[in-house]
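Notebook open, structure loaded. I'll jot down what I look up as I go.

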Amino acid sequence: MRVIIPEPITDQNLISSNVPENDAPDYSSGATYGAGEAVMLDHVVYQAAADGVSGVDPKTDDGTSWIPLGSTRRWRPFDGVIADPVTVTSSTLVYRFAPQSLARGVALFGLVADRVDVTVSHGENSVVFRKELISFDHIDGWWSWLFVEPTREAECVFLDLPWFGAGTEIEVKVISHSGNVAAGQIVMGDVQRVGQTRWGAEIGLLSSSRKERDQYGRWVIVKRYTSRTARLPVMVRGKSPRAVQKMFAALDALPAVFVGDERGEFGLILFGLYLEYNTTLAGDGWSEVMIYVESIQ
């Protein structure tokens with residue numbers, strides 16, 4: 001098992017993108033705005049809540065004058081919300097980063113695409129890594145090969161990317177052969193090894209939907225998000241248990257990428273929070289860690 005500890009994406013490490021940031025006009029402290037008018041400030045879109053709004057900073061307002069609508073399209077892949085993706089119709093979505101610290105991993109979630117290319121470059125030298133998202137796991141014979149549409153993975157992860165020191169750049173391309181491309185989250189950061197995931201790992205779903213009966217016995221259903229969950233038994237060797245515990249303590253309430261297994265068919269790649277962490281000290285040579293993770297949607 002490995003964990004990608006995210007590097008926050010800011011104006012310092014996001015070099016460029018083919019997604020324009022033109023959701024609304026830039027906010028001006030000297031302008032007067034009417035109800036419903038939208039502005040951009042620090043990559044967030046705000047909507048005026050009343051007429052005659054002037055001189056009120058949207059970032060510090062309590063909601064009386066401005067209503068935050070969320071990140072601009074260009075910055076949606078970094079807002080921690082997979083369910084609100086950035087979408088383009090040009091067949092290719094491109095982001096280029098200049099990491100400010102060691103970055104050996106990239107993960108993407110909420111994808112609508114056929115493949116992802118990650119290019120790591122330094123000066124004139126570059127290395128390209130590719131992941132195909134089209135899956136044939138459900139094809140089990142000639143009939144399904146001829147008549148069943150292939151599926152596409154919604155996430156992928158790149159680990160052990162090369163690092164060339166200061167000046168290293170990482171370009172992420174999300175590519176579709178049919179037109180529309182979408183990405184819910186793009187995470188970049190250092191990769192920390194926890195240990196070896198054991199067989200017996202559990203994956204599940206946690207529904208947040210409201211499902212209850214009214215006084216007549218009829219179902220009242222309000223559809224909400226469903227989170228993916230994983231319970232990961234991990235073998236940790238030697239004197240690592242305390243070091244691993246410290247790492248997870250630093251990850252408390254911090255969304256990260258948890259990779260129980262790189263193979264997508266097992267469903268052990270999650271962007272989310274760990275909710276429970278326990279270690280069984282089984283002997284001098286090894287220990288067993290149990291980690292419970294819930295994804296963020």
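Is Phe 147 buried or exposed? I looked it up, keeping in mind that this is a predicted model. Phe 147 comes out at 57% relative accessibility, and the cut-off for exposed is over 50%, so I log Phe 147 as exposed. Phe 147 belongs to helix α1, which covers residues 142–147. I then checked for a nonpolar surface patch and found one made of Phe 136, Trp 142, Trp 143, Trp 145, Leu 146 and Phe 147. Together these residues have about 860 Å² of accessible area.

**Whole chain**

Next I stepped back to the overall numbers. I count two helices and 26 strands in the chain. Along the principal axes, the C-alpha atoms fill a box of roughly 70 × 70 × 50 Å. There are 297 residues, and 41% of them count as buried. The exposed surface is about 16000 Å², with carbon and sulfur atoms supplying 51% of it.

I also looked at how far apart in sequence the contacts reach. Taking contacts between residues at least 6 apart in sequence, 66% join residues at least 24 apart.

Charges came after that. The chain has 27 positive and 37 negative charges, and their mean positions are 6 Å apart.

**Met 188**

I picked a residue in strand β18 (residues 185–193), namely Met 188. Its relative accessible area is 2%, and anything under 20% is buried, so Met 188 goes down as buried. Which residues does Met 188 contact, leaving aside neighbours within four places in sequence? One group on the list is Ile 4, Ile 5, Pro 6, Glu 7, Ile 9 and Asn 13. The list goes on with Phe 97, Pro 99, Ala 103, Gly 105 and Val 106, and ends with Ile 170. I also took one C-alpha distance from here: Met 188 to Val 236 is 25 Å, with the two residues 48 apart along the chain.

**Salt bridges**

How many salt bridges does a search of the whole structure find? I got 15. I went through a few of them.

Asp 42 and Lys 59 form one, with N to O at 2.7 Å. This pair links distant parts of the chain, 17 residues apart: Asp 42 is in the loop between β4 (38–41) and β5 (44–48), while Lys 59 is in the loop between β6 (53–54) and β7 (66–71). Lys 59 has 48% relative accessibility and counts as partly exposed.

Arg 76 and Asp 84 make another, and their closest N and O atoms are 3.8 Å apart. I checked that against the salt-bridge cut-off of 4 Å, so the pair is in. Both partners are partly exposed: Asp 84 has a relative accessible area of 32%, and Arg 76 has 21%.

Then there is Glu 171 with Arg 96, at 3.4 Å from N to O. Here the partners are 75 residues apart and again link distant parts of the chain, with Glu 171 in strand β16 (residues 169–175) and Arg 96 in strand β9 (residues 92–97). Is Glu 171 buried or exposed? I find it buried, with a relative accessible area of 17%. Arg 96, at 22% relative accessibility, counts as partly exposed. The line between buried and partly exposed is drawn at 20%, so the two partners get separate labels.

I also noted a network of salt bridges that links Arg 2, Asp 160 and Glu 262.

**Ser 71**

Arg 76 turned up again when I looked at Ser 71, a residue of strand β7. Leaving aside neighbours within four places in sequence, Ser 71 is in contact with His 43, Val 44, Arg 76 and Asp 79. At 19% relative accessibility, Ser 71 is under the 20% cut-off, so I count Ser 71 as buried.

**Glu 132**

Last entry. Glu 132 sits in strand β12, residues 125–132. Its relative accessible area is 52%, and Glu 132 is therefore exposed, given the cut-off of over 50%. What does Glu 132 touch, not counting residues up to four places away in sequence? I wrote down Asp 114 and Arg 115. For a distance, I took Glu 132 to Gly 167: their C-alpha atoms are separated by 28 Å, and the residues are 35 apart along the chain.

Technical notes. Residues numbered from 1 in each chain as written. Predicted model: local features only at pLDDT ≥ 70, side-chain atom pairs only at ≥ 80, totals over all residues. Heavy atoms only, no water. Helix = DSSP H or I, 4+ residues; strand = E, 2+ residues; numbered from the N terminus. Buried < 20%, exposed > 50% of the residue type's maximum accessible area, 1.4 Å probe, protein only. Contact = heavy atoms within 4.5 Å. Areas by Shrake-Rupley, 256 points an atom, 1.4 Å probe, with all protein chains shown as cover. Lys, Arg positive; Asp, Glu negative; His and termini not counted. Charge placed at Lys NZ, Arg CZ, Asp CG, Glu CD. Patch = residues over 30% accessible without salt bridge, like charges linked within 9 Å, V, L, I, M, F, W, Y side chains within 5 Å. Salt bridge = Lys/Arg side-chain N within 4 Å of Asp/Glu carboxyl O.
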